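These are my notebook entries on a structure I went through by strands, side-chain pairs and burial. I wrote them in the order in which I looked things up.

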Amino acid sequence: MANAWFWKPLSISNVSATNTAAGFSPLYVANDHAGVVWQSNGEANPFLIVDFGSDVAIDTVALFGLSGFTAAHVTTIAVATSAQGSGFGAGAFTNFVSSIPVLAGTEMPVSGKGVGLYSVGGAIVGRYAKIIFASLPGAVQISRVAAGKRIQLERNFGFGGAFGVRDLGSVD
């Protein structure tokens, strides 16, 4: 059993995208406002390029509020440093993850908004993350992109709480 892990999402300084529907700015994936989303225009293989403003360590990327995706859709995420630039020319980037399912898990949440979670063993340093979606049948939406370096606890924890039970212990 894996131990719990957490991460503080990095600040996003800019986002650009291809195949964006009118009125749905790519920069919308950098905020936490409910209902504010980026939407593709339905053309094949859209992508987002997320700019963190400077080179940072990244080992986890999460996409929230995914709509229009199915279990058949895949994504590739690549990372490039400030020196390499945001152009992502051949050989000028590191594959973070390649051709893996967009959606995490096997069950769609009741809300109908999926989640994508991508994690690698060792952190990759980069300024830009290019998130590519392949073979989509129509327009898709994303509410939030969160990326950063996770902190994995040495030990899991359990406080034994349950409904109807009050913990009167003190915290030191």
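Entry on Thr75. I began by listing what Thr75 touches, leaving aside its neighbours within four places in sequence, and found Ser98, Ser99, Ile100, Pro101, Val102, Tyr118, Ile131, Ile132 and Phe133. The model is a predicted one, and I keep that in mind for every distance below. Thr75 belongs to strand S5, and I noted it as buried because its relative accessible area is 1%, where the cut-off for buried is under 20%. One of the residues in that list also takes part in a polar contact, since I found the side chain of Thr75 reaching the backbone oxygen of Ile132 at 2.8 Å.

Entry on the aromatic rings. Phe133, which is among the contacts of Thr75, led me to look for aromatic pairs, and the structure holds one. It is formed by Phe69 and Phe133, whose ring centres are 5.2 Å apart and whose planes meet at 50°, so I recorded the pair as tilted. The two residues come from distant parts of the chain, with Phe69 in the loop between S4 and strand S5 (74-80) and Phe133 in strand S7, a separation of 64 residues. I then checked the accessibility of both partners: Phe69 counts as buried at 6% relative accessibility, and Phe133 is buried as well, with a relative accessible area of 0%. While looking at rings I also noted that Lys130 lies over the face of Phe47, at 4.3 Å from the ring centre.

Entry on strand S4. Which strands pair with S4, and in what sense do they run? I found that strand S2 (residues 14-17) is joined to S4 by four bridges, the two running antiparallel, and that within this pairing Ala17 stands opposite Leu48. Strand S7 (residues 114-134) is joined to S4 by 13 bridges, again in the antiparallel sense, and here I picked out Val56, whose bridge partner in S7 is Gly126. Strand S9 (residues 144-148) pairs with S4 over five bridges, also antiparallel, and there Thr60 has Gly148 as its bridge partner. I next asked how S4 (residues 47-66) sits in the model, and since 14 of its 20 residues are buried, I wrote it down as largely enclosed by the rest of the structure. For reading such a strand I keep in mind that side chains in a regular strand alternate between the two faces of the sheet.

Entry on salt bridges. How many salt bridges does a search of the whole structure find? It returned three, and I went through them in turn.

The side chains of Asp51 and Arg127 form a salt bridge, with their closest N and O atoms 2.8 Å apart. Asp51 lies in strand S4 and Arg127 in strand S7, so this pair ties together parts that are 76 residues apart in sequence. Asp51 counts as buried, because its relative accessibility is 11%.

Arg150 and Asp59 meet through their side chains in a salt bridge at 3.5 Å, N to O. This pair also links distant parts of the chain, with Arg150 in the loop between S9 and S10 and Asp59 in strand S4, 91 residues apart. I looked up the burial of both partners and found Asp59 buried at 3% relative accessibility and Arg150 buried with a relative accessible area of 16%.

Arg144 and Asp32 meet in a salt bridge at 2.5 Å, N to O. Arg144 lies in strand S9 and Asp32 in the loop between S2 and strand S3 (38-39), so the pair ties together parts that are 112 residues apart in sequence. Are the two partners buried or exposed? Arg144 is buried, with a relative accessible area of 15%, whereas Asp32 counts as exposed at 64%.

Entry on Leu153. Last, I looked up Leu153, which is placed in the segment after strand S10 (151-152). At 25% relative accessibility I recorded Leu153 as partly exposed. I also noted its distance to Phe6, since the two are 147 residues apart in sequence while their C-alpha atoms are 8.4 Å apart in space.

Notes:
Residues are numbered from 1 along each chain as its sequence is written. This is a predicted model: local features need pLDDT of at least 70, side-chain atom pairs count only at pLDDT 80 or more; totals for chains, interfaces and linings use all residues. Side-chain values use heavy atoms; hydrogens and water are left out. Buried means under 20% relative accessible area, exposed over 50%, partly exposed in between (1.4 Å probe, protein chains only). Two strands pair if DSSP finds at least two bridges between them. Rings of Phe, Tyr and Trp (its six-membered ring) pair if their centres lie within 6.5 Å; planes under 30 degrees apart count as stacked, over 60 as edge-to-face and the rest as tilted. A charge sits over a ring if NZ of Lys or CZ of Arg is within 6 Å of the ring centre and within 35 degrees of the ring normal. A salt bridge is a side-chain nitrogen of Lys or Arg within 4 Å of a carboxyl oxygen of Asp or Glu. A polar contact is a pair of N or O atoms within 3.5 Å; within protein, one must be able to donate a hydrogen and the other to accept it, and residues adjacent in sequence count only if both atoms are side-chain atoms. Contact means heavy atoms within 4.5 Å.
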